[in-house]
Amino acid sequence: MTMDPVRPDFIPDPSLSQAEMEALQRDIAEVARFEDDLDVSPAAIASAGDAPDDDQTTLSASTDDTTNPPLVAGVDQAFVDDRAVSAIVVLRNGEVIERVSAVERTEIPYIPGLLSFREGGAILAAFAELEADPDVVLVDGSGRIHFREAGLATHIGITLDVPTVGVAKSLLCGAPEQSLDETYPEGTRIPIAADDSVETCPDGTVIGHALQTRQYDSPNRYINPLIVSPGHRVSASTAADIVEATADGYKLPEPTRVADSYADEAKAAVNNPSE
DNA sequence: GCGACAG
DNA sequence: ATCTTGTCGC
């Protein structure tokens, strides 16, 4: 029971023309669902260290959530020449229960807006090796915050029909409701609204948030917020809730951090076939 | 034409 | 993303 495409017709094909890629993204955006349709509540997601408790403070955690802790996966890529290394880790209660990786040749260069056609193949190859069935997947990059509302997280979510969240380190498009050049305290959420750069939905639609998962106490140093957006089957606010629930003292949520280091490890292995 | 642009 | 030394701060 591995994760294979449920919608083969949406698999990112790097041999398509740019116009065809964009057309495919519009089709994806039409079937993408930026509403909650997942089996877990953010409150039931425990980070490393805090195991589920039975007091009544975790209001939205159901009995089932406590019995079957949600599985949260993180995906990240590293590159070696013309090859992409995709790493996936699956966490339960903040602990890694599975990790897989795959290596695929990159067929096209990085083009803003078409990232899934460069990295998608390696990511899907890695998912085909995964045995766990994650409740939600954190993908490095944008989801709905995309020119055609079909960023990497959305593309992967639709192809595998799994709930996904896009976690990016910078803003691809859209208009923050407040300047992102200021220093904000931890927990700050700034809505990102669609503007003229998002051609598939009405201006003003909230397509994601800038989320300050970490911030320095006082110095003249500051940390930029993460850019979080729905991939598929998750709403903008829940996407932010999930990232906040999986953050554990660092800017990046744990699933993403762990996938990050695993990708580096897998990359080292590609450079050193001996190990 | 110019600017902007996840990883 | 990747190439990289030093440096600031807890």
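1. Salt bridges to start with. Taking a salt bridge as a side-chain nitrogen of Lys or Arg within 4 Å of a carboxyl oxygen of Asp or Glu, the count comes to 13. Keep in mind that this is a predicted model, where local features need pLDDT of at least 70, side-chain atom pairs count only at pLDDT 80 or more, and totals for chains, interfaces and linings use all residues. Residues are numbered from 1 along each chain as its sequence is written, chains are lettered from A and ligands numbered from 1 in the order in which they are written, and side-chain values use heavy atoms, with hydrogens and water left out.

2. Two of the pairs to look at are Asp9 with Arg7, where the closest N and O atoms are 2.8 Å apart, and Asp37 with Arg33, at 3.0 Å. For exposure I use relative accessible area: buried is under 20%, exposed is over 50%, and partly exposed is in between (1.4 Å probe, protein chains only). Asp9 has 46% relative accessibility, so it counts as partly exposed; Arg7, with 33%, is partly exposed too. Asp37 is partly exposed at 33%, and Arg33 is partly exposed at 29%.

3. Now helix α6. Helices and strands here are DSSP runs (H or I, at least four residues, for helices; E, at least two, for strands), numbered from the N terminus. Glu254 and Arg257 both sit in α6 (residues 254-271), three residues apart, or about one turn of the helix. Their side chains meet in a salt bridge, 3.1 Å from N to O. Glu254 counts as buried because its relative accessibility is 11%, whereas Arg257, at 28%, counts as partly exposed. Elsewhere, salt bridges with shared partners tie Arg33, Glu35, Asp37, Asp161 and Arg233 into one network.

4. Which residues touch the most other members of the largest nonpolar core? They are Ile88, Phe127, Leu130, Val137, Ile156 and Leu160, out of 21 residues in that core. (A nonpolar core is a set of buried Ala, Val, Leu, Ile, Met, Phe, Trp, Tyr and Cys residues joined through side-chain atoms within 4.5 Å.) Two or more residues each come from β1 (71-80), β2, β3 (95-105), α3 (115-127), β4 (136-140) and α4 (152-160). Another core lies apart from this one, with 17 residues, including Ile45, Leu211, Ala239 and Ala245. As background, nonpolar side chains tend to be buried together in soluble globular proteins.

5. Ile88 deserves a look by itself. This residue is found in strand β2 (residues 83-92) and counts as buried because its relative accessibility is 0%. Leaving out residues up to four places away in sequence, Ile88 is in contact (heavy atoms within 4.5 Å) with Ala73, Gly74, Val75, Glu98, Arg99, Val100, Ile123, Ala126, Phe127, Leu130 and Tyr262. Val198 is 110 residues from Ile88 in sequence, and their C-alpha atoms are 29 Å apart.

6. Is helix α5 mostly covered or mostly uncovered? Mostly covered: eight of the 11 residues in α5 (residues 236-246) are buried. Those residues are Ala236, Thr238, Ala239, Ala240, Ile242, Val243, Ala245 and Thr246.

7. On to DNA strand B. A residue is near a strand if one of its heavy atoms lies within 4 Å of it. There are 18 residues around strand B, and Tyr110, Gly113, Asp140, Ser142 and Lys169 come nearest. The surface near strand B divides into nine nonpolar, six polar and three charged residues; here Ala, Val, Leu, Ile, Met, Phe, Trp, Tyr, Cys and Pro are nonpolar, Asp, Glu, Lys and Arg are charged, and the others, Gly among them, are polar. Of the strand B atoms within 4 Å of the protein, 52% belong to sugar or phosphate and the rest to bases.

8. Some atom pairs at strand B: a side-chain N or O atom of Tyr110 is 2.6 Å from a phosphate oxygen, and a polar side-chain atom of Ser170 lies 3.4 Å from a phosphate oxygen. At Ser142, a polar backbone atom is 3.0 Å from a base nitrogen.

9. Last, DNA strand C. Ala78, Phe79, Lys169 and Lys267 surround this strand, and sugar and phosphate make up 100% of its atoms that come within 4 Å of the protein. Phosphate oxygens of strand C lie 3.4 Å from a backbone N or O atom of Phe79, 3.1 Å from a polar side-chain atom of Lys169 and 3.4 Å from a side-chain N or O atom of Lys267.

Conventions:
A polar contact is a pair of N or O atoms within 3.5 Å; within protein, one must be able to donate a hydrogen and the other to accept it, and residues adjacent in sequence count only if both atoms are side-chain atoms.
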